[in-house]
Every structure is written in structure tokens, then in C-alpha cells.
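Please open the model in your viewer and keep the sequence panel beside it. The stops below suggest what to select next and say what is found there.

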Amino acid sequence: MGPLAGVVVLDLSRVLTGPYAAMMLGDLGARVIKVERPDGGDDTRTWGPPFAGPPDSQESTYFLSANRNKESIALDFKATDDRAVLDRLIARADVLVENFRPGVLDRLGLGHERLLDMNPRLVVLSITGFGHDGPESGRAGYDQIVQGEAGLMSFTGPDAGSPTKVGVPIADILAGLFGAYGVAAALHERNSTGKGRIVRTSLLAGIVGVHTFQGTRWLVAGEVPAPGGNRHPTVAPYGAFKCKGGFVQIAIGNEKMWRRFAPLIGVAADDERFSSNGNRVTNYDELERIIGQTLAGKDLEHWLTEFSAHNIAAGAIKSLDAVYSGEQVEAQKLIIETEHSVLGPIRLPGSPLDFGAGNRARHLAPPLLGEHSDAILRWLEDGAPQGEESAPQGEGGGGG
């Protein structure tokens, strides 16, 4: 069932970053129990359109994107009986994922130290918007706000007058990925110490953590990055060019490739303006003009074939329908099929990790609100060893 089979994850988070982290753990075989409020559940259950399913039972495609391989139980944290169930789940879990603002869990009597008192082996993943301390720790963590505040939008887009966000909620996703990575490390550490720990990250930290060469441009070289559209700031030629029928992208990452590429656009490889990567970056306006004029004369398929024949790194800009119908995506098993309780057979983006024979054997469809409440309560009553189940994960119709 995957490398994390037997691990029980309690997902108290909502919207995207925490649910994404929990889903990653579920993809690796962990049993993920999503705890939702009874009056509507996760906020994203209402986010749309698009929705799917019959008019009286529509499902948000946004919710479907971040909640595969989970079970759902509906609990009101302020109701005495439900709180008792939550406490028992905490005691049985290996991992707890939460993305409340700092202080919210404390007010509920579930602060981090209290969680470790209740279950000393518990690994707690806590994700916030701007971090757990510091002058801005209380700020709400909305993805687009953090993309701007963390600098990403300042060097993304066509020019300085058009700051642009990434086309997916990348701050949420990165914090979720880093969080799942931290949980895996803490579970490994627990094998030696027998003790859990608190793992903290934030949307701000996730974006700063992937600044890479843009960060060192400022920290080391003192240069503030600016947006350059599809140009690469340090490599040329590297970008998207219009041709008949679409755009072709090229990435000339070394001098050997440049020498194969230059004749194709009618330029001498040792032309002094372009004879080194530094010269090409300096004279990119002229080089871009030459490339653009040349590539505009023929269609996309011609250039893809020509560049492939000369071992030039190139590709098209595909729409998602083309991506998901592509042979390579299918060969890499990047789409999973599962059976949803309302929608029937559905296809979802799959895990980006491949463990060969150690992959998860089957996938659960994103659950209906409270779909597995009865099965989870029976599991608690049975007193089975931690990580084992008394009922199939798919009971209630959510199994794939």
C-alpha cells in the first residue's frame, strides 16, 4: 500500500496547503482521516464553478484536486461528544496536519504542547501564512497575497508594470510539499527517539525557499530581479517564440547546443555578438529579433522536428487537454482512476512519485462530507493497533 502504509494521519486542515500535504502522505500509503466541520465541511467544497455531478449533489472540482486518498469524518470541536472523538483520534494518530492561524488551537485547548502531552509520539505539521512568530505572524495566508509579499510576483510577468501571479496557487502547494517533506523526516527521527515533534512551515517560507538563483542575485550580487517575460535572466537564447500554429520554446543551455542551433537561424556560431552565453545575454534584443523572424516563417511541427533532429532542447506550449491526452503523461501514470460515491468513475491528477512495486495499490476518491464517520468510529471502538483498520477504507462508497 505504499511506503507510509500503517501511518495514520489526522487532517484538521482546510482549503489547500494543509490538505495538499495530507494528500501527499496519503499518496504514499498513509491512512488519512480528514476531520471537517459538520456545517459544510472544507471551504473548498463550495468553490466553483466548475462543479461536477447532478444538480442536487454537485461536487467542487477544486475540492477534488486536493483530497484524494482520504476518509472524512464530521466533528464539531466545540461539542462535548465530538470533542471526545477528536481526542481519541489524536491519541491514535501518528501525524496531525493543521493550518490554523497561530493561537486558534490554543483557544480550543489543543495547543501544540498539549497535543504532544496527549500523544508523545505525534508528529504535528503546522502551516501558517507568514510564520509562527514575528511581527506578521497573525496575518491571514492567502496564496496570491503571499506570492506578492514573498517577492515572486515582482519578477514574474511580461514587465515591471504587470506583476503576475503563477497560474496555480504555488505558495499553498510549496508549503504543503515542504510540510510533507518535514513530516517524513520527523517520522524517520521518531524511529530512533520514540518521540514526535512539531514541524512548522509557512506560505512565506515556501516561496522564499524556492527563490534559488533569484535570491542569490540580490543576496550575493546585490541585483534586484525584475520580470523578463519568457526570457531567462542568465541564459540565452531561452524562451518562447511565435511560429505558424503556435509557440515553440527553446532552451540553449550550453555552447555545444548553441553551435548546433546557430546555423538553423542563419547566424554564425562564432559571431562576436553571440559567441558566448554572456554576449548572448547582453545582446539578447538583437538575437531575439533574429530568432523571431526565422521561426515565424514555418509551423510548429516543422521546428519541433528540426530541433529534435539536431538535438536542440525544444517543446510546445500545450493546453491541459493536450497534456492529459499525451502518451508520455499516460506512460508515467500521472493520471489515476477511481470511483467516486456520487460522480462514479473519475480521473484525477496522480502522485508525482513512483516507487515501482512499492506504489500505493489503489486510490480513494475524494470523500463526501462525513462519508466515513461510522467506519472511523467503529475503528476507534475496536481498539485495533495503531495504523490498522477494522473496515475497508472505501466503506461508504469512497473506495477506488
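**A guided walk through the model**

Begin by selecting Thr44, which sits in the loop between E2 and strand E3 (51-52); bear in mind throughout that this is a predicted model. Thr44 counts as buried because its relative accessibility is 0%. Show its surroundings, and beyond the neighbours within four places in sequence you will find Val15, Ser60, Tyr62 and Phe63 in contact with Thr44. For a sense of scale, draw a distance from the C-alpha atom of Thr44 to that of Val248, 204 residues away along the chain, and it should read 36 Å.

**The sheet**

Next, colour the strands of the open sheet, in which 6 strands follow the order E5-E2-E1-E6-E7-E8 with parallel pairing. Strand E5 (71-74) and strand E8 (198-202) form the edges, and each has a single partner strand, so one side of each lacks a neighbour in the sheet. On average, and ignoring direction, neighbouring strands of this sheet are turned by 20 degrees against each other.

Now step across the sheet, starting at strand E1 (residues 8-11), which is joined to strand E2 (residues 31-36) by 4 bridges, the two running parallel; here Val9 faces Val32 in E2 as its opposite number. Helix H7 (residues 170-193) packs on the sheet, where it touches strand E6 (95-98), strand E7 (123-128) and E8, and the direction of H7 makes about 160 degrees with that of E7.

Returning to E1, you can follow its parallel pairing with E6 over 3 bridges, with Leu10 opposite Leu96 in E6. From E6, a further 4 bridges lead to E7, again in parallel, and Leu96 stands opposite Val124 in E7. Which way do the side chains of E6 point? Val95 and Val97 point one way, while Leu96 and Glu98 point the other way, and all are buried.

**A buried acid**

Select Asp143, which belongs to helix H6 (residues 143-149). Asp143 is buried but has no salt bridge, and the nearest side chain of opposite charge, that of Lys165, is 6.2 Å away. What, then, does the side chain of Asp143 reach? One of its polar atoms lies 2.8 Å from the backbone nitrogen of Ala171, and the side chain also reaches the backbone nitrogen of Asp172 at 3.1 Å. Apart from neighbours within four places in sequence, the residues in contact with Asp143 are Val168, Pro169, Ile170, Ala171, Asp172 and Leu203.

**Salt bridges**

The model holds 21 salt bridges, and a few can be visited in turn. Arg68 pairs with Asp27, with the closest N and O atoms 2.7 Å apart. Since Arg68 lies in the loop between helix H2 (61-64) and E5, and Asp27 in helix H1 (residues 17-27), this pair ties together parts that are 41 residues apart in sequence. Arg68 is buried at a relative accessible area of 4%, and Asp27 is likewise buried, at 5%.

Move on to Glu189 and Arg197, whose side chains meet in a salt bridge at 2.6 Å, N to O; Glu189 is partly exposed at 27% relative accessibility, as is Arg197 at 39%.

Finally, select Glu255 and Arg280, where the salt bridge is 2.9 Å, N to O. This pair links distant parts of the chain, with Glu255 in helix H10 (residues 255-261) and Arg280 in helix H11 (residues 277-282), 25 residues apart. Glu255 is partly exposed, with a relative accessible area of 33%, whereas Arg280 is buried at 1%. As a last selection, take Asp11, Lys34, Asp42 and Lys70 together, which are joined into one network by salt bridges that share partners.

Notes
Residues are numbered from 1 along each chain as its sequence is written. This is a predicted model: local features need pLDDT of at least 70, side-chain atom pairs count only at pLDDT 80 or more; totals for chains, interfaces and linings use all residues. Side-chain values use heavy atoms; hydrogens and water are left out. Two strands pair if DSSP finds at least two bridges between them. Axes are lines fitted to C-alpha atoms, for helices over the stretch in contact, and angles run from 0 to 180 degrees between N-to-C directions. Contact means heavy atoms within 4.5 Å. Buried means under 20% relative accessible area, exposed over 50%, partly exposed in between (1.4 Å probe, protein chains only). Lys and Arg count as positive and Asp and Glu as negative; His and the chain ends are not counted. A salt bridge is a side-chain nitrogen of Lys or Arg within 4 Å of a carboxyl oxygen of Asp or Glu. A polar contact is a pair of N or O atoms within 3.5 Å; within protein, one must be able to donate a hydrogen and the other to accept it, and residues adjacent in sequence count only if both atoms are side-chain atoms.
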